[in-house]
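Please look over the model below before reading the numbered points, which take up confidence, two structural elements and the internal cavities in turn.

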Amino acid sequence: MTADYRLQALENPTVVVQELHRAHSSGDFPRFVADHFARLFESPNAFNRIPRLDVRRPPESHGDRSLVRFRAMVQDTSLSSEMYLSKFPDGSCGGWGMYETGNGSSSSSREVDYANLQECSVLWATSVPAESNWCAEELNGSNFATGPTQVLARSAPVSQRAHKYPHADAKHVGVQVKLYDREGIDAYKATDIVTFVGILSYEPCSLDQTTTSVADAPTLHVLFSRRHTPALLSRPFPRLARSPPDIHNSIVDSPPSVTDDHAQVRDELIKWIATEALAGDQVAAEWVVLSMISRVQSRHPPLLPPSLVISRFPPPPPVPSTTPSTPLPTPTLSAVLGLLLPLTHTLNLSLDTLNQSQFVPESKDEDLHAGVLQLPKGTVLLVSEGGVREGQLLERGIMNVRALQDIMTAQTLSYVFPFSRFSFPTDVSCIVLSEGRKSTFFKTDLNIPLRTPTTPSAIAGLYKPADEVKLPLPDKLAAFRDLIVGARSGKVQVSDATSEHIQAEFVRERQDDRSLTADDLIRRMTVSKLYALSLHEPSLTVEIWQRAKAFDDQRRAMAAA
């Protein structure tokens, strides 16, 4: 029977809502609908049968009032709420895009019972910026969609409301989302990642009240939703052993075992990153690994991800071109990060980018325009200064630099409104590539100089295109991802014995070197915990502390040389 209900929901969700309304006697009907559909599609196989809404299956490829799932970033929560008639005079169901047709016997607005007026919240959501392809494929699951959705599938054009996507020139989907279930409604925040499941239609958008030429917006009437954590994907910490896919254990339901090859996988990961993206510099690659797994662990007290600059990073070689606007090559490290991380974005800086782009979200005519830095929590941001040349940094450029510095220093991003600005928390780890001894624009927590390659071919290798990156074997790449994603969600405990050792050691060192401060101790603790996480060690031992401390001392000596 459940299979029949599920098939009916996939084919005609509107009818299912109407039938639920007829069977519902009292209580919170939107909550009842949400619970029903959530149970109906609770299993992964059932959930994956819901057709996807994304850039390959844009709104126009789905039929009117189709059931779809849309994994999205909440971009704007400031849209005006709407009132809807939850029950029409003839007793039929309202809401979820169902309106009176006007040809019934009770269509007169004079017969409206205002007790049936309910409120629905409206927000704007977009495709998830910075989401890597492999992460999207894993979250999408198997494709069970059939019929016209597949036949008509094509790449989405740039949205008519492209200003609401952080990277407006990129293909994406933007949707007006209507939420009827009031439970937890205030918990939706900008940059949250949520999978909305609902009925797709086209309706006027409240953002377009000042214009008359914009078409109706694709609108998703939400039946239920699933929130995602900043990790986006789930991996165990410590890492578990992977069984070969072609080998079936004769013991049924045998639990996976914790693997003990973390150090080996870690070393292989560092070597691969160094070989493919950093001209063989394994020290710099190891610091990149620590940056990849860093995240906001606490705000009170502040335990924030340390920002890293890879200094002495050669600029891209000249590109022969007849047009002055040819984009500079992107560092190969960008492609490598995309193969390893669920969420990563590359920001190629130039004076034009800084002076002309909008880095922070800004409200204009009661419409929140996205900023380049409006990214989901859990994103690793690669900032390349290779395109910066001599010139003047204008007021907007100065404000953009300040906005990115605020993310690095305090993990906050300002949202600008007509008469005010407010800072909202972020969780974006930053890696900066700079040609000089330090970043041109930013004060970073950590500085590791690249062992600069000397040959033109080696320098060109820092900017080779993504299709020239040599991939590890699939099981090895999966192990790399398990290590990184698991470490990002892991926690490290510090025993009393280790804590006492660290404090006593710091007191002794400070007696010999009065320049040491509490900031040095905080940095060492941060680095040592990241070091332990990268080894998938849930406890910070004295041995790991000493190794991490020596590793950081080596970095400081290299940066000072």
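The points below go from the reliability of the model to its local packing and then to its enclosed empty space.

1. This is a predicted model, and its protein chain averages a pLDDT of 90, with 88% of the residues scoring at least 70. Two stretches deserve caution: pLDDT stays under 50 over residues 145-154, for which the model nevertheless has 17 contacts beyond four places in sequence, and pLDDT also stays under 50 over residues 245-254, for which there is one such contact. Where pLDDT is low, the predicted coordinates should not be read in detail.

2. Helix 5 spans residues 133-140, and its buried residues are Trp134, Cys135, Ala136 and Asn140. These buried residues pack against three other helices and a strand, namely helix 4 (44-48), helix 9 (332-340), helix 13 (474-489) and strand 1 (66-76). Just after helix 5, the backbone at Gly141 takes a positive phi of about 75°.

3. Strand 9 (residues 308-311) is covered on both faces, with Leu308 and Ile310 buried on one side and Val309 and Ser311 buried on the other. Its pairing with strand 16 (residues 428-433) is parallel and runs over three bridges, and within that pairing Leu308 stands opposite Ile431. Strand 9 also pairs in the parallel sense with strand 17 (residues 446-449), here over four bridges, and Val309 has Asn447 of strand 17 as its bridge partner.

4. How many cavities of 30 Å³ or more does a search of the whole structure find? The search finds two, and the largest cavity has a volume of about 40 Å³. The residues that line the largest cavity are Phe313, Pro314, Pro315, Ser384, Glu385, Gly386, Leu433, Ser434, Glu435 and Tyr463. Sorted by class, this lining has five nonpolar, three polar and two charged residues.

5. The second largest cavity has a volume of about 30 Å³, and its lining consists of Trp287, Leu290, Ser291, Pro306, Leu446, Val527 and Leu530. Helix 8 (282-292) and helix 15 (518-534) are the elements that give two or more residues to this lining, and helix 8 gives the most, with three residues. By class, the lining of the second largest cavity has six nonpolar residues, one polar residue and no charged residues, whereas the lining of the largest cavity includes two charged residues.

Note on methods: Residues numbered from 1 in each chain as written. Predicted model: local features only at pLDDT ≥ 70, side-chain atom pairs only at ≥ 80, totals over all residues. Heavy atoms only, no water. pLDDT = per-residue confidence, 0-100. Contact = heavy atoms within 4.5 Å. Buried < 20%, exposed > 50% of the residue type's maximum accessible area, 1.4 Å probe, protein only. Pairing = 2+ DSSP bridges. 1 Å grid on protein atoms, 1.4 Å probe; cavity = no way out; pocket = protein on both sides within 12 Å on 5 of 7 lines; lining within 4 Å. Points joined across faces, edges and corners; volume = space filled by probe spheres on them. Nonpolar A, V, L, I, M, F, W, Y, C, P; charged D, E, K, R; others polar.
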